[in-house]
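Good morning, colleagues. Please take a moment to look at the sequence and the structure on the screen before I begin.

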Amino acid sequence: RLLGIGMRRQSPADLAAATASVGFPAIIQTRVRGGVEVMAGAIQDPVFGPVVGFGLGGTVAELMGEIRFAPAPLTDVDADDLVAAGRAGSLLAGLRGAAPADSPALSDMVRRLGQLAVDFHQIAELDLNPVIARPTGCLAVDARIRVGDAIAPTALKTWGMRLGGGAGANPVDRKAGEVRRWQLADSVALA
C-alpha cells in the first residue's frame with residue numbers, strides 16, 4: 001500500500017504518531033527539490049557483457065528518450081564523456097544560467113555502477129531513476145535491481161590484458177597518458 005503523510009517541520013513525536021496511525025511499517029524520507037533529474041543504470045548484455053547507461057531521468061526520460069550506453073568497466077574519461085554527452089550533458093552544465101550540477105559526483109556514480117556490474121554478474125538490471133543532480137553531489141531517489149542467473153563474463157575490453165592488467169583491469173586514466181575509449185552507441189531512442 002502507498003500512503004503519503006504530509007509533515008511540515010513537525011517534531012519527531014508527531015512524526016512517530018502519524019506513522020503509527022497508518023497501521024503498518026512506514027518509510028520516511030526527505031523531499032528532494034531542485035536539481036536535474038537523470039537516470040543511471042547497468043545491465044548484463046549477453047553479447048557485450050556489463051553495460052552502463054546514463055541519460056535524462058524522471059518524466060523527461062519518457063518524453064526525450066535519450067540514454068547513452070558504454071561497456072563496463074569505465075575509465076574516468078568514459079564516465080565523464082557519458083555524463084557530458086547529449087541533452088543531459090547540456091542540462092547538467094547549467095543551461096540558461098542554471099547552476100551546473102556536480103558532474104564529478106555523477107561520473108563517480110557511473111564508474112561505480114559499471115564496476116558493480118563487472119563484479120556481480122548476478123545483477124541482471126540496475127536502474128537508478130531519478131537521480132537528482134545538484135550543484136553539490138547527487139542523490140538517487142529511487143532504485144530497482146533485478147537479480148538473475150549470472151551471465152558468463154565477456155572480455156569486450158581486452159586492453160587491460162595487453163597493458164599488463166587482468167581482464168577487468170583499468171590501468172588507464174586521465175593523468176596516465178594514452179586513453180582508449182569505446183563507444184557502444186551514440187544514443188538509443190526509447191520507443
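I shall speak about salt bridges and about one pair of strands.

A word first on the basis of these remarks: this is a predicted model, in which local features need pLDDT of at least 70 and side-chain atom pairs count only at pLDDT 80 or more, while totals for chains, interfaces and linings use all residues. Residues are numbered from 1 along each chain as its sequence is written, and side-chain values use heavy atoms, with hydrogens and water left out.

Let me begin with charged side chains. In general, side chains of opposite charge can pair when their charged atoms come close. Here, a salt bridge is a side-chain nitrogen of Lys or Arg within 4 Å of a carboxyl oxygen of Asp or Glu. By this rule, the model holds five salt bridges.

Which residues are linked with Glu-66 in a network of salt bridges? They are Arg-68 and Arg-87. Between Glu-66 and Arg-68, the N to O distance is 3.6 Å. Between Arg-87 and Glu-66, the corresponding distance is 3.9 Å. Arg-87 belongs to helix H4 (residues 86–92) and Glu-66 to strand E3 (residues 66–71), so this contact ties together parts that are 21 residues apart in sequence. Helices (H or I, at least four residues) and strands (E, at least two) are DSSP runs, numbered from the N terminus.

Are these residues buried or exposed? Buried means under 20% relative accessible area, exposed over 50%, and partly exposed in between, with a 1.4 Å probe and protein chains only. Glu-66 has 12% relative accessibility and therefore counts as buried. Arg-68, at 17%, is buried as well, whereas Arg-87 is partly exposed at 44%.

I turn now to the strands. Strand E4 (residues 123–133) pairs with E6 in the antiparallel sense over five bridges; two strands pair if DSSP finds at least two bridges between them. Of the five residues of E6 (residues 143–147), the number buried is zero, so this strand lies largely in the open.

Glu-125 deserves a closer look. Its bridge partner in E6 is Arg-146, while its salt bridge is formed with Arg-144, the closest N and O atoms being 3.0 Å apart. That salt bridge links distant parts of the chain, with Glu-125 in strand E4 and Arg-144 in strand E6, 19 residues apart. Glu-125 is partly exposed, at 25%, and Arg-144 is partly exposed, at 41%.
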